[in-house]
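Me: I'm new to this one and would like to learn how to read it. Could you walk me through it, starting with the sheet?

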Amino acid sequence: MAYMNVDFLKMREFNALNSRIDMHMHTTWTDGKNSMQEMVSKAIENGLSQIAITEHIREQSDYYTDYISEAQSIKKKANIGFFCGFESKIKNVLGDLDISEAAMKAADIIVASVHRIPYGGEYLYPKEISYDDLCDLEREMSISVIRKNEGKIILGHCGGMSIAAYGRFPEDYFRDIIIECVKYNAVFEFNYKYHHIYENLLKDLLLEFNPYVSVGSDAHDVGMVSKRSFINE
Ligand SMILES: [Zn+2]
Ligand SMILES: [Zn+2]
């Protein structure tokens with residue numbers, strides 16, 4: 001199934017050949033340490049077949065037209081499936097994204113992620129909120145963005161803020177969110193940076209419910225490119 005311009009596979013379709021992908025990376029366009037060309041070259045060197053740069057964006061960001069043109073010129077020369085899109089913050093429990101319509105249209109893919117948490121009229125860092133409230137909010141924001149953007153988004157690092165702040169996220173919340181991904185055609189991302197501690201649990205749940213799956217390292221430098229796997233090694 002195509003999401004924007006990219007075909008994703010369902011979990012049970014992954015095999016050693018088709019899973020050499022890394023669909024979540026950052027560059028010097030935002031907070032990454034290496035250029036787009038350096039990340040692409042590293043992915044080719046590592047033998048990947050398909051990658052995406054998914055840069056942070058906000059609704060007011062105006063850098064993206066230059067970013068997309070750089071990606072297009074690299075794409076013409078690169079010997080790899082190369083896509084370019086954005087990682088957008090989920091703004092609230094209504095599932096609104098912090099990205100303009102124009103940027104959304106210009107992208108090959110959109111990763112929607114919980115980052116800072118709307119709480120009592122302001123945005124808080126995950127550690128400023130109790131574990132229970134944080135998990136509940138992260139679950140609610142994830143489910144609402146999936147429902148509101150049917151067939152259009154990859155859910156980035158599910159449970160990632162709870163994992164980053166407290167080292168865990170409830171198994172039944174992962175399950176609830178994966179079931180929503182199946183119902184509303186969202187792609188569930190296995191994000192190496194946040195999910196490597198949950199490889200076995202997520203593998204079992206994803207095989208059980210069989211949503212579309214993306215795999216990403218969330219690399220911010222070349223050393224992390226292609227750190228992604230639980231299905232391909
Ligand atoms: Zn993120
Ligand atoms: Zn990211």
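Me: Which strands form the open sheet, and in what order?

Reply: Keep in mind that this is a predicted model. The sheet has 8 strands, and reading across it you meet S3-S12-S11-S10-S7-S6-S5-S4, with mixed pairing. An open sheet has two edges, and here they are strand S3 (9-10) and strand S4 (21-22), each of which pairs on one side only.

Me: How many bridges join S3 to S12, and do the two run parallel or antiparallel?

Reply: There are 2 bridges, and the strands run antiparallel. To find the spot, look for Leu9, which stands opposite Val213 in S12.

Me: Now the helices. What span should helix H4 have?

Reply: The idea is to count residues and allow 1.5 Å for each. Helix H4 covers residues 131-148, so its 18 residues should span 26 Å, and the C-alpha atoms at its ends are indeed 26 Å apart.

Me: Which residues of H4 are buried?

Reply: Start with the general idea. An α-helix makes a turn every 3.6 residues, so residues three or four places apart point the same way. In H4 the buried ones are Leu134, Cys135, Leu137, Glu138, Arg139, Met141, Ser142, Ile143, Val145 and Ile146.

Me: What do those buried residues pack against?

Reply: Their partners are strand S7 (110-113), strand S8 (117-119), strand S10 (154-155), helix H5 (160-166) and H6. Two of those strands, S7 and S10, you've already met in the open sheet.

Me: What about backbone angles: which value does phi of Asn185 take?

Reply: Phi there is near 55°, a positive value in a residue other than glycine. You'll find Asn185 in the loop between helix H6 (171-184) and strand S11 (187-191). Asp218 also has a positive phi, about 60°, though it is not a glycine. Asp218 sits in the segment after strand S12 (212-216).

Me: Is Asp218 buried or exposed?

Reply: Count the C-beta atoms around it: 20 or more within 10 Å makes a residue buried. Asp218 has 24 others within 10 Å, so it is buried. Asn185 has 17 within that distance, so it is partly exposed.

Me: Let's zoom out. How many helices and strands does the protein have?

Reply: It has 8 helices and 12 strands. Its radius of gyration is 16 Å, close to the 17 Å that the globule rule gives for 233 residues, so the protein is as compact as a globular protein of that length. Of those 233 residues, 45% count as buried.

How values were computed
Residues are numbered from 1 along each chain as its sequence is written. Chains are lettered from A and ligands numbered from 1 in the order in which they are written. This is a predicted model: local features need pLDDT of at least 70, side-chain atom pairs count only at pLDDT 80 or more; totals for chains, interfaces and linings use all residues. Helices (H or I, at least four residues) and strands (E, at least two) are DSSP runs, numbered from the N terminus. The radius of gyration is taken over C-alpha atoms; the globule rule is 2.2 Å times the number of residues to the power 0.38. A residue is buried if 20 or more other C-beta atoms lie within 10 Å of its own, exposed if 12 or fewer, and partly exposed in between; C-beta atoms are placed from the backbone. Two strands pair if DSSP finds at least two bridges between them. The expected span of a helix is 1.5 Å times one less than its number of residues. Two residues are in contact if their C-beta atoms, placed from the backbone, lie within 7 Å.
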